[in-house]
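Me: I'm new to this one and would like a walk through it. Could you show me how to read its features, step by step?

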Amino acid sequence: MLDGKNAIITGARSGIGLAILQLFAKNGCNCWAVVHRDDEEFLNMIRQLEEVCQVWIKPVHIDLGSSDSIKEGMKDILKEKHSIDILVNAAGIVSPNRLFSMTKMEDVRRVMEVNFFSAIELTQLACRAMMRQRKGSIVNIASIAAWGEDTSQMEYAASKAALVIATKKLARELGSAGIRVNAVAPGLTQTKMLDVLENDAEDQIKKGLGLHRFGTPNEIAEVCLFLASDKSSYVTGETIKVDGGGTDLRLSISK
Amino acid sequence: MTNLEKYNQVFCETFEITNEQLAGLKYQDIQAWDSVGHMSLVAAIEDTFDIMMETDDIIDLSSYEKGKEILKKYDVEI
């Protein structure tokens with residue numbers, strides 16, 4: 001579905017970002033895998049993926065909490081003179097789960113930096129190249145937390161809500177340049193972020209979901225693939241919930 | 001090709017205009033130099049001179065002449 005296209009994927013080392021990297025590669029897409037740091041295991045996985053899928057995958061080291069690091073990383077990407085067809089802003093962090101009254105402002109800022117501002121800055125830099133091509137697709141990984149109905153931390157939910165609104169606004173501005181901007185809002189997905197759940201809470205939450213189970217990173221990646229590809233050529237400004245029909249998330253997910 | 005020739009070529013190709021139209025040309029003087037055209041121009045300048053412009057400079061790039069001044073900051077003499 002993405003033969004010959006080139007994509008920048010943030011948060012590519014684990015969870016949903018990694019699933020997107022793997023699925024895009026399997027669909028013929030070359031990838032810049034944006035990671036804060038890598039290790040031998042990750043590099044080996046990339047090499048195998050390159051060989052099996054006949055694509056190139058290049059790790060790019062960026063600290064998404066630093067504007068200077070983002071600019072440097074993008075400079076390196078742009079120097080390669082490949083087209084940038086797709087940007088997936090998948091990186092996200094959560095701060096320790098605690099009451100707002102007990103949350104440090106530096107934690108709030110860090111979450112907003114990584115989850116929102118870095119995505120916006122990368123979008124601004126990448127879309128310059130996309131404008132020249134008169135084509136591009138940007139996919140933001142939001143969250144159902146954006147609707148404020150679960151018990152995730154305020155700053156996490158706020159950062160994802162900002163991403164949902166930014167998706168809508170950017171789609172309107174960038175549409176005339178042929179760039180589509182969409183988002184995917186995963187529900188509870190089997191990643192390390194769920195480590196905070198106790199077994200009892202996990203079972204209770206699953207019962208409240210339409211499909212009675214959590215999603216897998218690959219199920220989120222499949223929707224990203226659709227939005228990144230030309231199959232969704234008339235879709236922009238949308239946020240697609242991928243949450244297994246779950247709506248009752250008012251149960252506590254804190255330990 | 002000199003830097004001036006490259007600079008002129010970027011404008012001419014981006015906005016589909018001729019060299020004769022360049023002197024005095026300002027943002028929104030012609031239909032092609034709208035906000036989307038502006039970003040295409042920035043992308044083309046960055047690509048041609050292998051630089052990454054700061055957002056402030058992108059905003060300040062209000063005319064053909066102003067662009068020459070801005071490029072000096074990036075060690076590109078026109």
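Me: Among contacts in chain A between residues at least 6 apart in sequence, what percentage join residues at least 24 apart?

Reply: Keep in mind that this is a predicted model. The idea is to ask how far along the sequence two touching residues sit from each other. In chain A, of the contacts between residues at least 6 apart, 77% join residues at least 24 apart.

Me: And what is the pattern of chain A, read along the sequence?

Reply: Just list helices and strands in the order you meet them. Here that gives β-α-β-α-β-α-β-α-β-α-β-α-α-β, which comes to seven helices and seven strands. The radius of gyration is 18 Å, close to the 18 Å from the globule rule for 255 residues, so chain A is as compact as a globular protein of that length. If you like box dimensions, the C-alpha trace spans about 50 × 40 × 35 Å along its principal axes.

Me: What does chain A average for pLDDT?

Reply: That's the predictor's own confidence, so check it before going into detail. Chain A averages 92, and 96% of the residues score at least 70. Take care with residues 251-255 of chain A, where the pLDDT is below 50. That stretch still has 16 contacts in the model beyond near neighbours in sequence.

Me: How many of the residues of α1(A) are buried?

Reply: To judge burial, count the other C-beta atoms around a residue: 20 or more within 10 Å makes it buried. For α1(A), eleven of the twelve residues pass, so this helix is largely enclosed by the rest of the structure. Among them are Gly15(A), Ile20(A) and Phe24(A). For chain A as a whole, buried residues make up 46% of the 255.

Me: How far does helix α1 of chain A reach from its first C-alpha to its last?

Reply: For a helix, compare its reach with what its residue count predicts. Helix α1, residues 15-26, reaches 17 Å, close to the 16 Å expected at 1.5 Å a residue. Just after α1(A), look at Gly28(A), which takes a positive phi of about 85 degrees.

Me: Which residues touch the most other members of the largest nonpolar core?

Reply: Think of a core as a network and look for its best-connected members. This one has 82 residues, and Ile9(A), Ile20(A), Phe24(A) and Cys224(A) touch the most other members. Helix α4(A) gives the most to this core, with eleven residues. As for Ile20(A), outside its neighbours within four places in sequence, it is in contact with Ile9(A), Val88(A), Ala90(A), Ala221(A) and Cys224(A).

Me: How many residues of chain A are in contact with chain B?

Reply: For an interface, list who touches whom, then see which elements they come from. Eight residues of chain A are in contact with nine of chain B. On the chain A side, α3 (67-79) and α4 (105-133) each supply at least two residues, and α4(A) gives the most, with four. By type, that side divides into three nonpolar, one polar and four charged. Now zoom in on Ala129(A), which is in helix α4. Its contacts, leaving aside neighbours within four places in sequence, are Leu78(A), Ile84(A) and Ala43(B).

Me: Is Ala129(A) buried or exposed?

Reply: Use that C-beta count again. Ala129(A) is buried, with 22 other C-beta atoms within 10 Å. Try Ser229(A) for practice: it has 19 such atoms and is partly exposed. You'll find Ser229(A) in the loop between α7 (217-228) and β7 (239-242) of chain A.

Conventions. Residues are numbered from 1 along each chain as its sequence is written. Chains are lettered from A and ligands numbered from 1 in the order in which they are written. This is a predicted model: local features need pLDDT of at least 70, side-chain atom pairs count only at pLDDT 80 or more; totals for chains, interfaces and linings use all residues. Two residues are in contact if their C-beta atoms, placed from the backbone, lie within 7 Å. Ala, Val, Leu, Ile, Met, Phe, Trp, Tyr, Cys and Pro count as nonpolar, Asp, Glu, Lys and Arg as charged, and the others, Gly among them, as polar. The radius of gyration is taken over C-alpha atoms; the globule rule is 2.2 Å times the number of residues to the power 0.38. pLDDT is the predictor's confidence in each residue, from 0 to 100. A nonpolar core is a set of buried Ala, Val, Leu, Ile, Met, Phe, Trp, Tyr and Cys residues joined through C-beta atoms within 7 Å. The expected span of a helix is 1.5 Å times one less than its number of residues.
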